[in-house]
Structures are given as structure tokens and as C-alpha cells.
Amino acid sequence: MASADTLPAAVQGLSIHSTSEQSKFEGCFPSLNPIDIYRQEIAEKLGAATGIDSEKIYTRLNWTSTLDKGDLILPIPSLQIKKKPQELAQELADKFPESDLVEPPVPMGVHLQFFCKLKPLTETVITRILKDKAAFGTNGNQGLRDPADPSKGQKKMIIEFSSPNIAKPFHAGHLRSTIIGGFLANLFTVMGWDVIKMNYLGDWGKQYGLLANGYKLFGSEEQLIKNPIAHLFDVYVKINAIVAEQDGPIKDLKEQIKAKKEKGEEVATLEADLAKLVDVSEDEKARRYFKSMEDGDPDALALWSRFRDLSIEKYKQTYARLNIDFDVYSGESQIKPESMASAYRTMEKSGVSEESEGAVIVDFTKHGAKKLGKAIIVRKDGTPLYLTRDIGAIQEREEAYHFDKMIYVVAAQQDLHLAQLFKITELMGLKDLADRCQHINFGMVRGMSTRKGTVKFLDDILRDVGEKMHEVMKKNTEKYEQVEDPVGTADILGITSVMVQDMTGKRINGYDFNLDAMTSFEGDTGPYLQYAHARLCSMRRKSGLSDEELLSADLNLLTEAHATELVRLLSQWPDVLLNTTKTLEPTTIITYLFRMTHALSSSYDVLKVIGSEPELKKARMALYASARQVLHNGMRVLGLSPVER
Ligand code: ARG
């Protein structure tokens, strides 16, 4: 389970609201989220002045899309009061009393806009950030079963993601699942959930028979140890080439037999020939080998388990580069036959499944789910399928973890598969379990390939992007010379490029894998985000100011429009994080971070630190240090490693 020390350093510090200072509003945590202070003030004052239920006002207060619309906005129709909204907006504005925290509200159409008074906002926001540091924006109460009683513990969530297939390429779908899943795991961890990160490997099936036999022919112990993933893939490709070769004559014979039969001719000799060919074919050998694995043959299983273990070791190293570590390496092989058998029995008893041509199927059209079509649960030969294992898995996980929620991060190509899985679960009488599960899907990446060819191991992609990044960095000789470890930095920037490109759009949209665009320092790219962070770090180093000095700064000096705009943006971070737990979209965070980097880059010329008189320098540095902290916190949740130089 997610122990604090295995998490990236920055998501460790969780802020918990002490129960002694519960707000009267649900989900209101003034000591963690500065904006909650203002929500509370508005709801209480407006409620008292107008007789409208303050709880209702509190829940209807929204954040704004742009700061010119205010810091918070109240959509008047949402109050459901029988009065013309425009008139009511004006009336409420007139009644709103003087406040130390909030400016007089501005009626705008059917909305009432609220602007925080800048002095208290600046003071609270900057001080909070400088004190809470990595914990700013996090809220450990969100994941509590009962925020009023922390002894009831955290809610538990399984996030299943990445899930590659051993001996097959790690394709773009796995990459996206890894990035999005890692992000969701960080997100819910900083919101106080107990997150279990699970990798469900494709590690079972006839292809392991092929692989084992192929290994006897083409395997090298040395290569296996050196790079198991690439070597196993190599073996797999070679043995598959033989299968394809053998397939030709087998197909020819089958056609000859068919043709003769149609003519009513004798086929016995041909059939005997066919049987011989099939019997010695690699495909058949693989089937037999896999059967021996299913039957528990210790030698067969030992070899398979070695392939699996070595592959996992290698995966772990690559995942570490993406700041990801899994709590559980599960996989199709781990699903117990008993779980599947008991599922068949339930399905049979409850009339969910039926026999069809010797196989067992579920016909969803008979269960009010036309779109889901039909699915095979047990093959004619009695063997289970991908779906069958998932049906076993969902129940094993329920039993082992008693989770509050489970998320499957899998490509949209498998929408039908997961919809079928959840529907079957529901039909088996486990609606409550099905309701706790969610498929987080995503669109395709087009054109992901390495420079040398199309084989797509994650390591190759990351190496390529790192090399490309190194070239881009070298173009700026002056800056390049300031970087202490250019290769290491290029590597991190390369990984950032891939991840930011992936998380920029909505998940469901696909995108083109574009090496040039993603590694550019211009535009809303990963390198630009890193640059913005490094620049703030460098500014801080040059300022020579200590944490204590920043905390003693006179924040009243931050009066320029650029400064207050930044403060207002920073104040939104806890809400952005909270909102992300609803959208489950990394772009919610990315968009916010880029808004901030844009505001920052237009501030540097106006709000100078170096060369300003000491008090102003301190105040401005406190502002920039806060911006750096929030940028850092955001990047960490996304799974990025912010660079300092
Ligand atoms: N290994 C599968 C694939 O590569 C993805 C597994 C998704 N998870 C699941 N529970 N079916 O397509």
C-alpha cells in the first residue's frame, strides 16, 4: 500500500484539517484552502442579510474561468428562487453587508461576482504556501471515510494501470495508461485516499508456450539477464516467423481437403498428412506446452516464472524513471481457476450465461444491454478467456482489498470489454461492486515510433526523446554550459516532454506523437514548464534570501496588478486539485499550470527582484517562491520531476 516513503517526496506531506476547527459547511476547510475562508464569509454574510439558507449559497458558489469574472461567482438561477435572476442579483448585491474580506459584489447578468479583498488574500495565500510547502493544496480529509472522525480510516482505492504484455511490445496504449494511472494515483494519494497501485500483466496464454519453445531454439541466457524484455520479444518474433512459415502448407492442405470433400473425393490420406503437419507445428507444440503450464507442470512453470520475474525487474527500472512504483504486480496468470469456476456457477444459476455451440456465452441482448452484444465466457475446449479472467479478478480483488473504489486505466479500444465486465458483475447480483468500479479510458497516440524503427519499448522511446532533448539544449550554448549534468537533465526533460504532451489534451482525444513539438522550449510544452520552474529556482538562489526572511516579508508591498493577479491564481490551486478529483483529467492541472507560467513570464520585467530595494525584494521573492512551490506541487502530482537548473 502507499507508504509515504515510496511516494515522490513532494506528495508525502499531507495536510489534515484538525477536527477541532470543523467548519459548519461540509467540505469546507479554511485552514487548508484559503478560498474556503472566502466561501464561508460570503455564504454566512449573504445568508444572514437575505434569509437565504447559507448552506445553499455555500454549495452554489463556483470558481471562475477567468479572473476578470471574480474569484468566486454565484449563478443566481441555481438558488431556485422565484424572481427574475437579474433583479435578484441586484437585490442581493445591495443587501450584501460591508466585509473585511470581500469587496462589494458585482451583479453581472444572472451572476453575482465576488472579488476577494487583495490585502488579506495576499497575506493568507502567500503565508499558507510558504508554511505548508509541498502540502499546500493537498487535503487529507477528502479521502477519509468520515472527516469528522479520522479514526474510521481512509477510503481505499485500487488503480489498475500500465498492464503491459510480457514478450510483446510496450505500445502507446500502455504508455498512456502508465502516465494517466500514475497521475491518478498521486492525485488521490494527496487527497488522503489509501491508494493501491496495481499492474495487471498480460502474462498467461498460449504465447508463453511459444515463447518457452522459442527460447529453447533461440534463447541466450546472457541476453536474457542483460535485457529480458527486449530478448524475450526477439525470441517471440523469431518463433512467430516459424509459425507463419508453417502456417502456409497447413492452410494449403486444409483447402485441398475442403475442395476434395466438396467433390465427394477420398481425403483420408490428406487428412493424415495434415494431422502430421499440425502435430509437429510450433503452434501445436505451444498449445501443448501451455496446457502443461495450466496443469501445473513444475518445469514449465519455473521457466515461465523466470521470464516473468526478470521482466518485472526490468519494468520496475523503467517505471522508476517515470516516478512510478507499483504496490502489486498481478496479472492474468494470478487469477485462480476456482474464482473463475465459482463465477461460472453463479452465472449459470442466475441465468446470466447460456450454452451455445459447446461454448458458454453471455447474450447481453437478453439482459437489457443490446449494445454489449454477446461474449464468450468459456471456449468449446473449456478454456477461459481474457474476459473470464477479469471476471475472476474483480471478485478476488474485492475479497482481498474491500476497496471503496477501483479504477481501470485502459485504452478506449477496450470500452466494450470493460462495459461487459461491469455488466456481468452487475448481472451476477454484485451491483454494488460494479458501481464501485470505473473505466478511465483514453484515445490513441498516432505515430509513436523510435528513430531507428518501429519497435516500441518504453526504454527506447525515452532514450530517443532524451537524445533529441539533448540536441535541443545544445542549441543554446550559453544556457547549456550552466547545466551541471546535461545528459541527466536531458533525460528528465525528455520524459517531461512525453508526459506533458500526453496530458495536455482531454484523455479521450488521441494525438500525434511529435518529437519536435514536444521537445521545444516554446509553446505549452514540458520543457517550457521545466524552464519556468528552473528560472524561479535560479531567481531564489541569486536572491540569497532565507525561508525566514521570506516569511517576514511585508506582503502589503505587493500591489501591482501583475502581483495581485499571481496571488489570485495561486489561491486557486487547492480548488484546482479538488476539481481534478472530479474531472479525473490531467489537463485540468496542466491548463492551470500554464496559466500560471504565462502570468509569471509577463511579470518578470515588471516585478523585478534583483535591483529592488530590500523590503520590496523580499516581498516579491516571497511571491515568486510561492509560485515556484505551487508549480512544483502541480508538477509532482502529474508525476514529473521538477528540475532546479
Ligand atoms: N494487458 C492488456 C492489454 O495490453 C491490458 C489489461 C487491462 N486491464 C484489464 N483488467 N483487462 O491489452
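Tutor: The expected span of a helix is 1.5 Å times one less than its number of residues; helices (H or I, at least four residues) and strands (E, at least two) are DSSP runs, numbered from the N terminus. The model is predicted: local features need pLDDT of at least 70 and side-chain atom pairs count only at pLDDT 80 or more, whereas totals for chains, interfaces and linings use all residues. Residues are numbered from 1 along each chain as its sequence is written.

Student: How far apart are the end C-alpha atoms of helix α9 (residues 268–280)?

Tutor: Helix α9 holds 13 residues, which at 1.5 Å a residue should span 18 Å. The model agrees with this expectation, for the end C-alpha atoms of α9 are separated by 19 Å.

Student: How many of the 13 residues of α9 are buried?

Tutor: A residue is buried if 20 or more other C-beta atoms, placed from the backbone, lie within 10 Å of its own, exposed if 12 or fewer do, and partly exposed in between. Helix α9 lies largely in the open, because the number of its residues that are buried is zero.

Student: Which residues of α11 are buried?

Tutor: Helix α11 has 24 residues, and its end C-alpha atoms are 35 Å apart, in agreement with an expected 34 Å. In general, an α-helix has 3.6 residues a turn, so residues three or four places apart point the same way. The buried residues of α11 are Trp304, Phe307, Arg308, Ser311, Lys314 and Tyr315.

Student: What covers the buried residues of α11?

Tutor: Contact requires C-beta atoms, placed from the backbone, within 7 Å of each other. The cover over the buried residues of α11 includes α6 (206–218), α8 (228–263) and α10 (282–294).

Student: Which residue with a positive phi follows α11?

Tutor: Most residues other than glycine have a negative phi. In the loop between α11 (298–321) and β7 (328–331), one residue has a positive phi near 60 degrees and counts as buried, with 20 C-beta neighbours inside 10 Å. That residue is Asn323.

Student: Is His402 buried or exposed?

Tutor: His402 is found in the loop between α13 (386–401) and β11 (405–409), and its phi is positive, near 45 degrees. With 8 other C-beta atoms within 10 Å, His402 is exposed.

Student: Which residues does Ala563 contact, leaving aside its neighbours within four places in sequence?

Tutor: Ala563 is found in helix α22 (residues 561–571). It is buried, because 21 other C-beta atoms lie within 10 Å. With neighbours within four places set aside, Ala563 is in contact with Leu558, Leu607 and Leu623.

Student: What separates the C-alpha atoms of Gly505 and Ile590 in space?

Tutor: Gly505 lies in the loop between α18 (486–504) and β14 (511–512), where it is partly exposed, with 16 other C-beta atoms within 10 Å. Apart from neighbours within four places in sequence, Gly505 contacts Tyr511 and Thr587. Gly505 and Ile590 stand 85 residues apart along the chain, and their C-alpha atoms are separated by 9.1 Å.

Student: How far apart are the C-alpha atoms of Ser31 and Ala167?

Tutor: Ser31 is found in the segment before α1 (34–50) and is partly exposed, with 15 other C-beta atoms within 10 Å. Ser31 and Ala167 are 136 residues apart along the chain, and the distance between their C-alpha atoms is 51 Å.

Student: How much of residues 529–645 is helix?

Tutor: The unreviewed UniProt entry annotates this span as "domain: DALR anticodon binding"; such annotations may be inferred rather than shown by experiment. Its end C-alpha atoms lie 12 Å apart, its strand content is 0%, and its helix content is 71%.

Student: How far apart do the C-alpha centres of domain 2 and domain 3 lie?

Tutor: Domain bounds come from an automatic or database domain assignment. It gives domain 1 (33–116), domain 2 (206–295) and domain 3 (459–638). Between the C-alpha centres of domain 2 and domain 3 the distance is 54 Å.

Student: What percentage of the residues in the protein chain is buried?

Tutor: The protein chain has 25 helices and 14 strands, and its C-alpha trace spans about 100 × 65 × 45 Å along the principal axes. Of its 645 residues, the buried share is 41%.

How values were computed
Two residues are in contact if their C-beta atoms, placed from the backbone, lie within 7 Å.
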